[in-house]
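Q: I would like to learn how to read the features of a model from its coordinates. Where should we begin?

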Amino acid sequence: MKLFQFPHSHYSAKVTIALLEKGLVFDAPALTSAYPKSPEFLALNPLGKFPFLQDGDFGIGESEVIVEYLEDRYPQPALLPSTPEGRARSRWISRFHDLYLGPQLSTLYFGLSDGRASDPAFPAAEVDKLHELMALLESHVAPTPYLLGESFTLADASLVLSFWYVGLLSKAYHKPVLDTAIPKLAQWFAAVQQRASVIQVLEKAQASLAA
């Protein structure tokens, strides 16, 4: 099994955590920023996007599709709740991340490197959106200790690296999202950081950004 990914990508992190939690053996080679558009990779994934999982003769992209495939193909240990309601809640959190929180973090991340952050109107408006998203998420969770109860799920995997980015990026824009504003999520993050999969992903993301 081979995972094409960038360690600092919150979408790649979701897949990496799922693989580690399921105890699956996989290779995740270090790749350059140009590799997704290389002929070699485009032959596998014409979209030229990471993450992409190659499992034997089968290859699939898009982080949420990949983790759902892993759940179907390698069901133990389960990373989705057993009830329809629990599975729906897990998927809602994952979709919230992929459609709203993740893109907002990407806007802030790239704003630091492409010059948009120098526009006085940009940081205030975009960081305010981040604060609003975190407040909305805070109102929808009740960690005990994980987002959906005592078991770690794909909902947790979806948010791990992005939550770390929330702190990093909001501070970079001088308007930090404080733990006191999101106490339930802060408590959840303290719990997930004890897991070996999360420790590994956070360490590799930090090392990738520092390189």
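A: We can begin with one pair of charged side chains: both Glu71 and Lys22 are buried. Keep in mind throughout that this is a predicted model.

Q: How far apart are the closest N and O atoms of Glu71 and Lys22?
A: A salt bridge is called when a side-chain nitrogen of Lys or Arg is within 4 Å of a carboxyl oxygen of Asp or Glu. For Glu71 and Lys22 the closest N and O atoms are 2.9 Å apart, and the pair forms a salt bridge. Glu71 is in helix α3 and Lys22 is in the loop between α1 and α2 (39-44), so this salt bridge ties together parts that are 49 residues apart in sequence.

Q: How many salt bridges does that rule give?
A: The count is 8 salt bridges. Among them is Glu64 with Lys14, whose closest N and O atoms are 2.8 Å apart. Helix α3 (residues 63-73) holds Glu64 and helix α1 (residues 10-21) holds Lys14, so parts 50 residues apart in sequence are tied together by the pair. Both Glu64 and Lys14 are buried.

Q: Which residues are linked with Glu64 in a network of salt bridges?
A: Pairs that share a residue can be read as a network. Here Lys14, Glu64 and Asp98 are linked in this way.

Q: Which parts does the salt bridge between Glu21 and Arg195 tie together?
A: Start with the geometry: the closest N and O atoms of Glu21 and Arg195 are 2.8 Å apart. Then place the two residues. Glu21 lies in helix α1 and Arg195 in the loop between α7 (183-192) and α8, so the parts tied together are 174 residues apart in sequence.

Q: Is each partner buried or partly exposed?
A: Burial is read from relative accessible area, with under 20% counting as buried and over 50% as exposed. Glu21 has 16% and is therefore buried. Arg195, at 24%, counts as partly exposed.

Q: What is the nearest side chain of opposite charge to Asp156?
A: A buried charge should be checked for a partner by distance. For Asp156, which is buried, the nearest side chain of opposite charge is Arg195, 7.5 Å away, and Asp156 has no salt bridge. Asp156 lies in helix α6 (residues 154-172).

Q: What does Asp156 touch, leaving out residues up to four places away in sequence?
A: The list is Tyr146, Leu147, Ser151, Trp188 and Val192.

Q: Which residues form a nonpolar patch on the surface?
A: A patch is read as a group, with the accessible area taken together. Tyr109, Phe110, Leu168 and Leu209 form the patch, with about 330 Å² of accessible area together. One of these, Leu209, is in helix α8 (residues 196-210). Leu209 has 31% relative accessibility, so it counts as partly exposed.

Q: Where are the cis peptide bonds, and what is omega there?
A: The backbone torsion omega is the value to look at. A cis peptide bond joins Phe50 and Pro51, with omega about -5°. Another joins Gln76 and Pro77, where omega is about -5°. Pro51 lies in the loop between α2 and β2 (52-55), while Pro77 lies in the loop between α3 and α4 (84-111).

Q: Which residues have a positive phi although they are not glycine?
A: Read phi together with the residue type and the location. Glu62 has a positive phi of about 70° and lies in the loop between β3 (58-61) and α3. His174 has a positive phi of about 60° and is found in the loop between α6 and α7. Glu62, at 39% relative accessibility, counts as partly exposed, whereas His174, at 72%, counts as exposed.

Q: What pattern does the protein follow along the sequence?
A: The pattern lists the elements in sequence order: β-α-α-β-β-α-α-α-α-α-α. The radius of gyration is 17 Å, close to the 17 Å that the globule rule gives for 211 residues, so the protein is as compact as a globular protein of that length. There are 8 helices and 3 strands. The C-alpha trace spans about 50 × 40 × 25 Å along its principal axes.

Q: What share of the residues is buried, and what share of the contacts is between residues 24 or more positions apart?
A: Buried residues make up 47% of the 211 residues. Among contacts with a separation of 6 or more, 70% are between residues 24 or more positions apart. The accessible surface comes to about 10400 Å², and 58% of it belongs to carbon and sulfur atoms.

Terms used: Residues are numbered from 1 along each chain as its sequence is written. This is a predicted model: local features need pLDDT of at least 70, side-chain atom pairs count only at pLDDT 80 or more; totals for chains, interfaces and linings use all residues. Side-chain values use heavy atoms; hydrogens and water are left out. Patches are made of residues with over 30% relative accessible area and no salt bridge: like charges are joined within 9 Å, nonpolar side chains (Val, Leu, Ile, Met, Phe, Trp, Tyr) within 5 Å. Accessible areas come from the Shrake-Rupley method with a 1.4 Å probe; for residues, only the protein chains shown count as cover. Helices (H or I, at least four residues) and strands (E, at least two) are DSSP runs, numbered from the N terminus. Buried means under 20% relative accessible area, exposed over 50%, partly exposed in between (1.4 Å probe, protein chains only). Lys and Arg count as positive and Asp and Glu as negative; His and the chain ends are not counted. Contact means heavy atoms within 4.5 Å. The radius of gyration is taken over C-alpha atoms; the globule rule is 2.2 Å times the number of residues to the power 0.38.
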